[in-house]
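Colleague: I am new to this structure and would like a close look at a single part of it, together with whatever surrounds that part. Please take your time and connect each step to the next.

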Amino acid sequence: MRVTADSTTCVTSSLCVYRVPDVFDQDAEGRVVVLDADPPVALQHEVLRARRGCPTRSIHVELNGVVVEDPASEAPAT
Ligand code: SF4
């Protein structure tokens, strides 16, 4: 898994940090920082949930070199 996040679109909601604090943190302005870009398998499900739950789609994930995308109709997870 490869995790990246776009701090320029992050709206500092903290949802990803609450969900996976070993992988996501926030800088002094509250914008997302990725702590672990290659998280262990045990955290990958939660990382995917955090990606879906991000209100601005600022979290991006690749699995085995393939970008994880949602169907256009899928609502963000809560
Ligand atoms: S869930 Fe999205 S908007 Fe909220 S802090 Fe994380 S990256 Fe930023």
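Modeller: A residue is called buried here if 20 or more other C-beta atoms lie within 10 Å of its own, exposed if there are 12 or fewer, and partly exposed in between. By that standard, 21% of the 78 residues of the chain count as buried, and since this is a predicted model, what follows describes computed coordinates. The chain contains two helices and five strands, which follow one another along the sequence in the pattern β-α-β-β-α-β-β. Among the contacts between residues at least 6 apart in sequence, 56% join residues at least 24 apart.

The part I would choose for the close look is the helix α2, which covers residues 41–53. Its dimensions can be checked by a short piece of reasoning: at 1.5 Å a residue, the 13 residues of α2 should span 18 Å, and because the C-alpha atoms at its ends are 19 Å apart, the model agrees with that expectation. Within α2, the residues Val47, Ala50 and Arg51 are buried. These three cover an arc of only 100° around the axis, and therefore they lie on the same side of α2. The face of α2 that is turned away from this buried side carries the exposed residues Ala42 and His45.

What, then, do the buried residues of α2 pack against? They pack against β1 (2–5), α1 (15–19), β2 (24–26) and β4, the last of which covers residues 59–63. Ala50 shows this in detail, for if its neighbours within four places in sequence are left aside, Ala50 is in contact with Leu15, Cys16, Arg19, Val20, Phe24 and Ile59. Several of these names return in the largest nonpolar core, which has 14 residues and in which Cys16, Val20, Phe24, Val47, Ala50 and Ile59 touch the most other members. This core receives at least two residues from each of β1, α1, α2 and β4.

Val47, another of the buried residues of α2, leads to two residues outside the helix. One of them is Pro39, which sits in the loop between β3 and α2 and counts as buried because it has 20 C-beta neighbours inside 10 Å. Not counting residues up to four places away in sequence, Pro39 touches Met1, Val3, Val23, Gln44 and Val47. Its C-alpha atom is separated by 6.8 Å from that of Val23, although the two residues are 16 apart along the chain.

The other is Met1, which lies in the segment before β1 and, with 18 C-beta neighbours inside 10 Å, counts as partly exposed. Outside the four places on either side of it in sequence, Met1 touches Asp38, Pro39, Gln44, Val47, Val61 and Leu63. Between Met1 and Ala37 there are 36 places in sequence, yet from C-alpha to C-alpha they are 7.7 Å apart in space.

Beyond the far end of the helix, the loop between α2 and β4 holds Arg57, which has a positive phi of about 55° although it is not a glycine. Arg57 is exposed, because 12 other C-beta atoms lie within 10 Å, and 12 is still inside the limit for that class. A comparable backbone feature appears after β4, in the loop between β4 and β5 (66–67), where Asn64 is found: its phi is near 50°, a positive value in a residue other than glycine. Asn64 has 6 C-beta neighbours inside 10 Å and so counts as exposed.

One more component of the model deserves mention, namely the ligand. It is surrounded by 15 residues, of which the closest are Cys10, Ser13, Cys16, Val32 and Cys54. Cys16 thus links this shell to the helix, being one of the contacts of Ala50. By type, the residues around the ligand divide into 10 nonpolar, five polar and no charged.

To gather the picture together, α2 has a buried side formed by Val47, Ala50 and Arg51, that side packs against β1, α1, β2 and β4, and Ala42 and His45 are exposed on the face turned away from it.

Notes. Residues numbered from 1 in each chain as written. Predicted model: local features only at pLDDT ≥ 70, side-chain atom pairs only at ≥ 80, totals over all residues. Helix = DSSP H or I, 4+ residues; strand = E, 2+ residues; numbered from the N terminus. Near = placed C-beta within 6 Å. Nonpolar A, V, L, I, M, F, W, Y, C, P; charged D, E, K, R; others polar. Expected span 1.5 Å × (residues − 1). Arc of directions from axis to C-beta. Contact = placed C-beta atoms within 7 Å. Core = buried A, V, L, I, M, F, W, Y, C linked by C-beta atoms within 7 Å.
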